[in-house]
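Trainee: Hey, got a minute? I've just opened this one and could use a hand finding my way around.
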Amino acid sequence: MFHMIRSVGCVLDAYDLTYKEDAKCEAKARNALKAYEIDESAITELINTNFEFKKLWFKALFNYCCHLHEGVEQIYDDASVRSIRKIAEHSDIVSLGNNQTFDVEHGAFLFQGQLEFSNTTQVKGSFITKPGTVKSLAPNTVLLNIVPPNRRELSRLPEREYEKGPSQ
Amino acid sequence: MVKPKLLKEYPFIEEEHVKYVMDEVDENIEYAEIYISELEGTYPKIIQSVHTERATTVLLKNKKNALKDLFDEGCIDEVDYAALRKEIDQSLVNIRNESVALEDIRFNEVFAHCPLFSMLNQEELSELRSKAKLKEYKKGAVLIKMGSRIKTAIIIVSGSVKESFKDDDGK
């Protein structure tokens, strides 16, 4: 079990909303709260039309993706919630069309679409754990090109409330 | 002013108790004033709209009372009274409708401060607003049930939520 305390401005279970999957989480109000509920079509529209929004949206998903799909620790040895958040902040979201190629420097995570890497096909949820060229096999492939953050900077980060809770 | 009135109306209450209650009331008023002043700094448009709405409503209600006095005194006939009263009632309805615009201001203020949505332009925010509903939940209420299909993005406006995840192995 993996717990997170979500506060003002957070989107709940963005992962299952994005992939149209049944909720793999339970969300309970810790106190009286107000929340906006926005139809998923509005979010899909924004992801398709606003690349800046798409980048932030997928970066926000990364932490939970790392929990579901193992592999980040092969790219960056500190796989704590805090460092994964920092990796997402430093990394780039790359969108590739069919047959487009991209040079991965440190590693990557595939959010959607398909990739060819080292003569193997990578699907949604795969980590590319070594440098190399990837080729998109789908019209709308989205990946996180991982840029590990500076270690010293990482050690100065204040501990967040949710990281004090039960570990993953 | 409230204290002597309370003691007069309820002589069986001891003065010490009334003082205790009044101190608490004063403290709450102080906290409320601090809260309002902070809110004024963060969301000035909302405060301005609330003040304007309240002031206009009070003015219209006073106008309605004055009109009734004039009618009771025989200064205006029934037809004029009905027409003028209808006009005031319509203005009050219009103000209530204006509250919807106030909700829009609140929505924009909330989303402008949310990192994920802060880069959206006015057109995108309006589109988002048209597909958004503000909901209130009590402590302990379940916002997302495990295994259910999520069809809305839930964005917290106030309060906090505990999310518990399970992976495919149930861990």
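Mentor: Sure, let's chat through how the chains meet and then look at some helix packing. Keep in mind that this is a predicted model.

Trainee: Okay, how many residues does each chain put into the contact?
Mentor: Chain A brings 48 residues and chain B brings 52.

Trainee: And what area is buried between them?
Mentor: About 5,500 Å² is buried between chain B and chain A, and carbon and sulfur atoms give 60% of that.

Trainee: Why talk about area at all?
Mentor: The accessible area lost when the parts come together is often used to give the size of an interface.

Trainee: Got it. How many salt bridges are there between chain B and chain A?
Mentor: Three run between these chains, while the structure holds 15 over all chains.

Trainee: Which residue does Arg6(A) pair up with?
Mentor: Arg6(A) has a salt bridge to Glu163(B), and their closest N and O atoms sit 2.6 Å apart.

Trainee: What about Glu37(A), who's its salt bridge partner?
Mentor: That's Lys135(B), at 3.5 Å from N to O. The pair crosses between chains, with Glu37(A) in strand β4 (residues 33–39) of chain A and Lys135(B) in strand β1 of chain B.

Trainee: How many residue pairs are in polar contact across the chains?
Mentor: There are 28 such pairs between chain B and chain A, counting those with both residues at pLDDT 80 or more.

Trainee: Which element of chain B gives the most to the side that touches chain A?
Mentor: That would be β3(B), with seven residues. By class, that side of chain B has 25 nonpolar, 19 charged and eight polar residues.

Trainee: Do the strands pair up too, parallel or antiparallel? I mean β3 of chain A and β4(B).
Mentor: Antiparallel: five bridges join β4(B) to strand β3 (residues 25–29) of chain A. Within that pairing, Glu26(A) has Ser164(B) as its bridge partner.

Trainee: Switching topic: at what angle do α2 and α3 of chain B pack?
Mentor: Helix α2 (residues 15–42) and helix α3 (residues 44–72) of chain B pack at about 115°, and their axes are 5 Å apart.

Trainee: Which residues meet there?
Mentor: From α2(B) you have Leu39(B), Glu40(B), Gly41(B) and Thr42(B), and they meet Pro44(B), Ile47(B) and His51(B) of α3(B). That contact divides into three nonpolar, three polar and one charged residue.

Trainee: Great, I'll go and click through those.

Conventions:
Residues numbered from 1 in each chain as written. Chains lettered and ligands numbered in written order. Predicted model: local features only at pLDDT ≥ 70, side-chain atom pairs only at ≥ 80, totals over all residues. Heavy atoms only, no water. Contact = heavy atoms within 4.5 Å. Buried area = accessible area lost by both parts, 1.4 Å probe. Salt bridge = Lys/Arg side-chain N within 4 Å of Asp/Glu carboxyl O. Polar contact = N/O pair within 3.5 Å; in protein donor to acceptor, adjacent residues only side chain to side chain. Helix = DSSP H or I, 4+ residues; strand = E, 2+ residues; numbered from the N terminus. Nonpolar A, V, L, I, M, F, W, Y, C, P; charged D, E, K, R; others polar. Pairing = 2+ DSSP bridges. Axes fitted to C-alpha atoms, helices over the stretch in contact; angles between N-to-C directions.
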